[in-house]
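The following exercises ask the reader to examine a protein chain step by step. Each task is followed by a worked solution.

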Amino acid sequence: MKVHRWIGGILAILLVVQALSGTVLVFRDEIERIIHPALIVQPGPVRQPVQALLDTVRARHPEAVVQRAEFARADDQTVLFKLKRKADDALLLVAVDPYRNVIVRDGGLGSWPTEWIFAVHEHLLIGPVGETVVGIEGLGLLFMAITGPIVWWPGRRRLRQGFKVRLDAKPDPKWRSLHRAVGAGAAVFLLLSAVTGVLMVWKEPFRDALGTVTRADGKPAPKVPDHKVPLVAVDRLISQAHAAYPGPLLRQLRFSSGGRVVAVYLDSDRTMRADGTIQLYYNAESGTAVGRYVSGEMPAGSEFIDWIYTVHTGLWGGVLTRTLLVLTGFVLAGLAGSGAWLWYVRARRVRENRAARAAAAVQ
């Protein structure tokens, strides 16, 4: 099918970039502990108040706005703060030892390789335009994952023959048979990756469309006017969250509305989803609750949308599905590279045949 070949040839480089960056991100947390030893700290008897950590980060970067704080499950890991510089919206990341309130690593994307790779994977480092390109690329992969098996299909009686690789043949038929066999075998995984990736890019339009047939509530987005009053300590808000939902670990703090709304994210024990969270939103001026979003207690449409990220990242089945996702990424990179090469070889052969026919006609 010519369309399959042309789309694969056009998107080859982007598919390789997305595939390889995605394989790294599957085990991003584990990789960061290896490449950034400073993120591993010696646990002390008492953790410092979160507000103290926040004040330290804000004092280091008064030119930036804190967007979130991420808390690891491991006791020996730093708290990671993510900030946006006011002047140019550049991302800054600051890791703080939660026991000694000391900054152990600080810098932009260039100082955090896995975060840089995540930005490449999400939007190609060019913002909303890049996200759209990634979405279109996902649609292309979806098309190829559907049409590839159709092109490959050898018939029910010759099904085993379709997976045979001609290792003793010349390079062109050998690589073509390998490309087809591997592509057919991995089609389901590639299809799943493409569908979930596209839905993540256009999540809100999908939520709106899904909302026409079932409830698909979005996350709260409360706003608080600036009354020029002191904000309550975030530790008080964390305590309120734990009082409402005793037991679950603190995972994140997210700041919005100029820091006047604080969302406290706790692990959710109300869902099977590995990354499900209990999200409690507070007015940081008064300490009053202004919204909540609890995984496992939301309408079916909302739960379905939340599962998209879990499936796309391989978190739903633990190490096994994450490993399968890594293998799928390597397969996609190989298919994109070999497909582009086969496309080039075929195009060159067509040109050579045309030139030969033209030369014969002249003679």
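Leu-178 lies in helix 7. The model in which this residue is examined is a predicted one.

**Exercise 1. Determine whether Leu-178 is buried, partly exposed or exposed, and describe the nonpolar patch that contains Leu-178.**

Solution.
Step 1. The relative accessible area of Leu-178 is 31%. Buried means under 20% and exposed means over 50%, with partly exposed in between. Leu-178 is therefore partly exposed.
Step 2. Leu-178 joins Trp-175, Val-182, Trp-341 and Tyr-344 in a nonpolar patch on the surface, and together these residues have about 450 Å² of accessible area.
Step 3. Helix 7 and helix 11 are the elements that give two or more residues to this patch. The largest share, three residues, comes from helix 7.

**Exercise 2. Which residues gather in the patch of positive charge on the surface, and which helix supplies its largest share?**

Solution.
Step 1. The residues of the positive patch are Lys-2, Arg-180, Arg-346, Arg-354 and Arg-357.
Step 2. Helix 11, residues 319-362, contributes three residues, the largest share.
Step 3. Arg-354 lies in helix 11. Its relative accessibility is 54%, so Arg-354 counts as exposed.

**Exercise 3. Classify the aromatic pair of Trp-152 and Trp-153, then identify the cluster to which both residues belong.**

Solution.
Step 1. The structure holds four aromatic pairs. In the pair of Trp-152 and Trp-153, the ring centres are 6.0 Å apart and the planes stand at 70°, so the pair is edge-to-face.
Step 2. Trp-152 has 11% relative accessibility and therefore counts as buried, whereas Trp-153, with a relative accessible area of 48%, is partly exposed.
Step 3. Trp-152 also pairs with Phe-163; here the centres are 4.9 Å apart and the angle between the planes is 55°, a tilted arrangement. Trp-152 belongs to helix 5 (residues 127-152), and Phe-163 to the loop between helix 6 (159-162) and helix 7 (171-201), eleven residues apart.
Step 4. Phe-163 counts as partly exposed because its relative accessibility is 43%.
Step 5. One aromatic cluster is formed by Trp-152, Trp-153 and Phe-163.

**Exercise 4. Explain why the salt bridge between Arg-60 and Asp-106 ties together separate parts of the sequence.**

Solution.
Step 1. Side chains of opposite charge can pair when their charged atoms come close.
Step 2. The side chains of Arg-60 and Asp-106 meet at 2.9 Å, N to O.
Step 3. Arg-60 is in helix 3 (residues 50-60) and Asp-106 is in strand 4 (residues 102-108), so the bridge ties together parts that are 46 residues apart in sequence.
Step 4. Arg-60, at 43% relative accessibility, counts as partly exposed. Asp-106 is also partly exposed, with a relative accessible area of 26%.

**Exercise 5. How many salt bridges does a search of the whole structure find, and which residues are joined into one network?**

Solution.
Step 1. The search finds 21 salt bridges.
Step 2. One of them joins Arg-260 to Asp-226, with the closest N and O atoms 3.9 Å apart. Arg-260 lies in the loop between strand 5 (250-256) and strand 6 (261-267), and Asp-226 in the loop between helix 8 (203-210) and helix 9 (234-244), so the pair ties together parts 34 residues apart in sequence.
Step 3. Arg-260 counts as buried at 16% relative accessibility, whereas Asp-226 counts as partly exposed at 39%.
Step 4. Through salt bridges that share partners, Arg-28, Arg-68, Glu-70, Lys-82 and Glu-115 are joined into one network.

Definitions and conventions. Residues are numbered from 1 along each chain as its sequence is written. This is a predicted model: local features need pLDDT of at least 70, side-chain atom pairs count only at pLDDT 80 or more; totals for chains, interfaces and linings use all residues. Side-chain values use heavy atoms; hydrogens and water are left out. Patches are made of residues with over 30% relative accessible area and no salt bridge: like charges are joined within 9 Å, nonpolar side chains (Val, Leu, Ile, Met, Phe, Trp, Tyr) within 5 Å. Accessible areas come from the Shrake-Rupley method with a 1.4 Å probe; for residues, only the protein chains shown count as cover. A salt bridge is a side-chain nitrogen of Lys or Arg within 4 Å of a carboxyl oxygen of Asp or Glu. Lys and Arg count as positive and Asp and Glu as negative; His and the chain ends are not counted. The place of a charge is taken as NZ of Lys, CZ of Arg, CG of Asp or CD of Glu. Helices (H or I, at least four residues) and strands (E, at least two) are DSSP runs, numbered from the N terminus. Buried means under 20% relative accessible area, exposed over 50%, partly exposed in between (1.4 Å probe, protein chains only). Rings of Phe, Tyr and Trp (its six-membered ring) pair if their centres lie within 6.5 Å; planes under 30 degrees apart count as stacked, over 60 as edge-to-face and the rest as tilted.
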